Amino acid sequence: IVYIIIYLIIIAFGALCLYFFYRKRKKEKAEEENMYKGETANDFMNTKNIRRQVLFTKDDKRCSYIEIEPVNIDLLSDKDMASITESLTAELSELRYPFKYYALSKPEDNRSIMAQYSKIIQSTDDPVIRNILRNEIQQRQTQVQNAEMPTRKYYFHLWADRETDEEFKKRVESLREKLDNCGIKAKIISQTEIVEFIEMVANPQYAVPEDLKPEINFSFLVKQYGGDV
């Protein structure tokens with residue numbers, strides 16, 4: 001009987017240890033899951049707030065972003081290429097502050113062209129046109145689904161620590177004007193566009209090597225300028 005009691009005590013003690021170990025592991029797992037669930041894009045990007053054209057970070061920096069329209073260098077002559085490169089060198093060599101340059105990819109938004117194709121199909125009686133447009137719609141849908149048609153977006157990122165809001169605004173606008181002087185269309189992005197930028201950085205859906213699409217690669221011009229950005 002004594003041995004049976006001792007045996008039962010050992011089993012009970014072991015079961016109790018296993019119970020507390022299980023509860024501890026379950027609590028640790030729940031805390032870990034809550035930590036990941038609580039980490040948002042704002043946490044990842046150190047974002048505190050966005051007002052108009054300025055992003056405020058948790059470490060008290062102010063950031064603005066300039067979106068650059070892609071340049072098709074295949075359509076440029078050697079003379080035009082040299083002219084843009086020289087203009088960039090002249091304009092950007094005056095900069096005395098750091099900046100970041102982003103080349104990001106996102107799914108192509110072809111809803112507008114697809115709607116036009118569908119409208120033409122409904123309005124025409126020509127079977128050849130209908131067949132061509134149906135094939136085009138199917139091909140574009142396949143390309144988008146297979147991530148074969150990403151849209152490239154290019155940005156300059158500027159930030160301020162001790163400048164006044166007015167001084168920082170003037171500096172950002174000055175860089176936009178410098179790009180415009182080089183024949184490169186650029187704009188300071190708005191609050192909604194900043195949110196889109198954060199989404200592309202925090203949740204990338206494409207990875208496109210720079211050397212695969214030189215025909216629309218603004219990075220090529222930046223490298224020609226000689227900047228390490």
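These legends go with close-up views of strand E3, its partner strands and the largest pocket. The model is predicted, so to speak a computed picture: local features need pLDDT of at least 70, side-chain atom pairs count only at pLDDT 80 or more, and totals for chains, interfaces and linings use all residues. Residues are numbered from 1 along each chain as its sequence is written, and side-chain values use heavy atoms, with hydrogens and water left out.

**View 1. Strand E3 is tucked inside.** E3 covers residues 62-68, and 7 of its 7 residues are buried, so the rest of the structure largely encloses it. Buried means under 20% relative accessible area with a 1.4 Å probe, protein chains only. Strands are DSSP runs of E, at least two residues long, and helices are runs of H or I, at least four, numbered from the N terminus. Arg-62, Ser-64, Ile-66 and Ile-68 sit on one side of E3, with Cys-63, Tyr-65 and Glu-67 on the other.

**View 2. E3 meets E2 and E6.** Strands pair if DSSP finds at least two bridges between them. E2 (residues 54-57) pairs with E3 in the antiparallel sense over 2 bridges, and Phe-56 stands opposite Arg-62. In their hairpin, with 4 residues between the strands, Asp-60 has a positive phi near 65°. E6 (residues 186-188) is also antiparallel to E3, over 3 bridges, and here Ile-66 faces Ile-188.

**View 3. Helix H6 helps line the largest pocket.** Of the 13 lining residues, H6 (165-181) gives the most, with 5. By class, the lining has 5 nonpolar, 2 polar and 6 charged residues.

Definitions and conventions:
Buried < 20%, exposed > 50% of the residue type's maximum accessible area, 1.4 Å probe, protein only. 1 Å grid on protein atoms, 1.4 Å probe; cavity = no way out; pocket = protein on both sides within 12 Å on 5 of 7 lines; lining within 4 Å. Points joined across faces, edges and corners; volume = space filled by probe spheres on them. Nonpolar A, V, L, I, M, F, W, Y, C, P; charged D, E, K, R; others polar.
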